Amino acid sequence: MLTAFLGPEGSFTHQAAEQLVPQTSLLDPHDTLDSVLGALRGGAARYAVAAIDSAAGPIAETVAAVEEGWAQVLAEHSIEIRFDLYRRIVDESPLIGVVGHEKALAQLAPYIDNKRLRTRAFASNTAGLVAIRAESEPGWGAVGPSGLARAYGLRVAERAIEAPAQLVTRFVLLQRRPD
């Protein structure tokens, strides 16, 4: 049986999935939350792991799946979220902007506003890491979970950029309700 989650490996949702998913299930990474929920609703996945609430507010798509009644929450797990700022190894220019998931950018608004940075939203923080690795315009960074520099061929420019705030995201293990 498969469990869909917003991937790839190393994402915050992947970290939550490792805590929530039954040991007999295989993890199936998806590029968007809509794809994760679609796999569950359409029967391609037996379970799904998705964020339902963050420091930036509820996750509308996950809340809707539960409120509409087609998905039921089996378990939940909260993670203290810590963001590192990643840059291309060869980019030493001043930081002009950051990329990441829209909820991450909202949670990091004090940091972004203080530094007067531009932003670009992606379907996931890890998708932002991939984009920064390929970025040709100097001065851009990506926000994401700690420990991913080597996997994405990037360097850590700053650690724990959310500090002093403590950010928590609540994830749920979902199952499709029987018809």
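This report describes the largest pocket, the nonpolar cores and two buried residues of a predicted model.

## Basis of the description

Because the model is predicted, local features need pLDDT of at least 70 and side-chain atom pairs count only at pLDDT 80 or more, while totals for chains, interfaces and linings use all residues. Residues are numbered from 1 along each chain as its sequence is written, and side-chain values use heavy atoms, with hydrogens and water left out.

## The largest pocket

The largest pocket holds about 520 Å³ of space; a pocket here is an open set of points on a 1 Å grid over the protein atoms alone, where a 1.4 Å probe fits, with protein on both sides within 12 Å along at least five of seven lines. Its lining has 31 residues, of which Leu6, Ile59, His101, Lys103 and Ala123 are the closest to the centre, and a lining residue is one with an atom within 4 Å of a point.

Several helices and strands (DSSP runs of H or I with at least four residues, and of E with at least two, numbered from the N terminus) supply at least two lining residues each, among them α1 (12–20), β3 (47–54) and β11 (167–176). The largest share, four residues, comes from α4.

## The nonpolar cores

The largest nonpolar core (buried Ala, Val, Leu, Ile, Met, Phe, Trp, Tyr and Cys residues joined through side-chain atoms within 4.5 Å) has 42 residues, and those with the most contacts inside it are Val49, Phe83, Val143 and Phe171. Strand β3 gives the most to this core, with six residues, and a second, separate core of 10 residues includes Tyr86, Ile132, Ala142 and Leu148.

Leaving aside neighbours within four places in sequence, Phe171 is in contact (heavy atoms within 4.5 Å) with residues including Phe12, Ala16, Val49 and Ile79.

## Two buried residues

Ala16 lies in helix α1 and counts as buried (under 20% relative accessible area, with a 1.4 Å probe and protein chains only), because its relative accessibility is 0%. Not counting residues up to four places away in sequence, Ala16 touches Val49, His77, Ile79 and Phe171, and its C-alpha is 12 Å from that of Pro145, although the two residues are 129 apart in sequence.

Arg87 has its place in strand β6 (residues 83–88) and is likewise buried, with a relative accessible area of 5%. A polar contact (a pair of N or O atoms within 3.5 Å, one able to donate a hydrogen and the other to accept it, where residues adjacent in sequence count only if both atoms are side-chain atoms) of 3.2 Å joins the side chains of Arg87 and Asp91. Beyond four places in sequence, the contacts of Arg87 include Trp140, Leu154 and Arg155.

Methods. Grid points are joined across faces, edges and corners, and a volume is the space filled by probe spheres set on the points. Buried means under 20% relative accessible area, exposed over 50%, partly exposed in between (1.4 Å probe, protein chains only).
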